[in-house]
Amino acid sequence: MSITIESPSMTSFEDFDLPQSLLQALREQGMNSPFPIQSATLPDALAGRDVLGRAQTGSGKTLAFGLALLGRLGGGKARPKRPRALVLVPTRELAMQVADALTPLARAMGLWCRTVVGGMAFARQADALNRGVDLLIATPGRLSDHVRQGTCVLSDVNFVALDEADQMADMGFLPQVREILDLTPPGGQRLLFSATLDGDVKKLVDRYLTDPIEHSVAPATASVDTMDHYVLQVTHQDKQAIVTEIGAREGRTIMFVRTKHHVDRLAERLRAKGVAAGALHGGKTQGQRNRVLSDFKEGHTPVLVATDVAARGIHVDDVSLVLHVDPAADHKDYLHRAGRTARAGASGTVVTLVTHDQRRTVRRMTEKAGVRAESANVRPGDPDLARITGAREPSGEPVVERRREPQPRRGAPRGERQGGRGRGFGGRQGGFREGPRPPRRDGRGPSRRTRD
């Protein structure tokens, strides 16, 4: 493996060997200058090399692998049920956002780009696959279901990109990922993008990538240039009031908590005090999750309360504050949460609320994450709380959730299990996984139960 850590000199997409139709589509979208990770990896990826890209979320990885795949797909035609290129991602939300970025570019080249994820109608996905897909964006669980049921065949997939590989490892998806890769041509090109390249991710690299070249444009610790980190000690009695005052700040805020139940409860409490907040977790249907994310992006609900698993696909610009209502479980989760702010060179603030008994654990975690956090003891209404977070007194007028016109039903959604030590194409392992269960023997379909 060759390694380069660089500050690339490429200043325009015109510098790359990309099809003119793709360059024109980029220009029409106002995208002219590549991000560093794109400048670093595109030349090797377009030349057919296996590539490892190490960069934090928000660094432009989607176009780094997306442009490479689209550039290499030009001029071909997909056969029914046999996609030509594959992007594997850990969550539904990330799949949707990757598709939003790449579908217009694929269309400009006359290529078909489709998604295969849990929580959406299986039959509609099977129909799209049967018509032929050039670039397939998928979560491991749902793709393995299509493979198992014969609605997708991977023998024509000569180009594979794995996005957020470290998150897929943390969520227990690597057995499924390995089974999927085993069904693709062994001589195909593989692009792997991850914030870290150690542990299980390294095993994946060693097994499936051929003489890969690594490009690293960001450290595997938190950015000290664009993020300000704070640890605020609070009492149990003051914590809810402090969270509410922070929620009433100006700007877009993401609050992280541990469980689905806590997400719903906190969002309800915030709305009752006048803070427009949305709740996102794996227990919601895909339609509900889409609406919550849309309201957050559009500013209707400036506060998003989420679990770690549900938030892994949140790539929203202009999030100025990340609040750890519950401290992260480890330094990797801390870095992932923190990566929701300070995206694409912007600045942001990351705040962790700790009670007295959590101080030592959080200190060890932030040190491991490479973070030097400023500490303070705060109470509701404190000037330091306002200075650090922009906290202010909420209106106290309850916020009514937005009502939307009902949409025509397009087939029953299938449940998606999040974050498990999942089954692959057969077998019954413990835990839970992203993607639906296999059909039952009585033909009544998969379980609809979901779980973070």
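Helices, here runs of at least four residues, and strands, runs of at least two, are taken from DSSP and numbered from the N terminus. On that basis the protein chain of this predicted model has 15 helices and 15 strands. Of its 452 residues, 56% count as buried. Among the contacts between residues at least 6 apart in sequence, 76% join residues that are at least 24 apart, and the structure holds zero disulfides. Two of the cysteines may be described individually: Cys 113 counts as buried because its relative accessibility is 5%, where buried means under 20%, and Cys 152, at 2% relative accessibility, likewise counts as buried.

The N-terminal part of the chain carries an annotation from a database record. In an unreviewed UniProt entry, residues 11-39 are covered by the annotation "domain: DEAD-box RNA helicase Q". In the model, this span is 45% helix and 0% strand, and the C-alpha atoms at its two ends lie 8 Å apart. Pro 19 is found in the loop that runs between β1 (2-5) and α1 (20-28). With a relative accessibility of 24%, Pro 19 counts as partly exposed, because this value falls between the limits of 20% for buried and 50% for exposed. When neighbours within four places in sequence are left aside, Pro 19 is in contact with Gly 71 and Met 109. Pro 19 and Gly 74, although 55 residues apart in sequence, are separated by 7.8 Å in space, from C-alpha to C-alpha.

The packing of two helices can be considered next. Two packed helices are described by the angle between their axes and by the distance between those axes. For helix α3 (residues 61-73) and helix α4 (residues 92-108), the angle is about 30 degrees and the axes are 10 Å apart. The contact is made on the α3 side by Thr 62, Leu 63, Phe 65, Gly 66, Leu 67 and Leu 70, and on the α4 side by Val 98, Ala 101, Leu 102, Leu 105 and Ala 106. The crossing in which α3 passes α4 is right-handed.

Attention then turns to a sheet. Strands of a sheet pair through backbone hydrogen bonds, and the pairing may be either parallel or antiparallel. In this model, seven strands form an open sheet in which the pairing is parallel, and their order is β11-β12-β10-β13-β14-β9-β15. The edges are occupied by β11 (277-280) and β15 (374-377), each of which has a single partner strand, so that one side of each is left without a neighbour in the sheet. From one strand to the next, the twist averages 20 degrees. Within the sheet, strand β10 (residues 252-256) and strand β13 (residues 319-324) pair in the parallel sense over five bridges, and Thr 253 stands opposite Leu 321 in β13.

The edge strand β11 also leads to a loop residue that can be examined in detail. Lys 284 is found in the loop between β11 and α12 (286-298). Because its relative accessibility is 18%, and buried means under 20%, Lys 284 counts as buried. Apart from residues up to four places away in sequence, Lys 284 touches Arg 92, Asp 264, Ala 279 and Arg 289. Of these contact partners, Arg 92 belongs to helix α4, which comprises residues 92-108, and Ala 279 lies in strand β11, which spans 277-280. Lys 284 and Lys 260, which are 24 residues apart in sequence, lie 9.4 Å apart in space, again from C-alpha to C-alpha.

Terms used. Residues are numbered from 1 along each chain as its sequence is written. This is a predicted model: local features need pLDDT of at least 70, side-chain atom pairs count only at pLDDT 80 or more; totals for chains, interfaces and linings use all residues. Side-chain values use heavy atoms; hydrogens and water are left out. UniProt positions are given in the numbering used here, feature names are shortened, and annotations may be inferred rather than shown by experiment. A disulfide is a pair of cysteine sulfur atoms within 2.5 Å. Buried means under 20% relative accessible area, exposed over 50%, partly exposed in between (1.4 Å probe, protein chains only). Two strands pair if DSSP finds at least two bridges between them. Axes are lines fitted to C-alpha atoms, for helices over the stretch in contact, and angles run from 0 to 180 degrees between N-to-C directions. A crossing is left-handed if the near helix is turned anticlockwise from the far one by less than a right angle, and right-handed if clockwise. Contact means heavy atoms within 4.5 Å.
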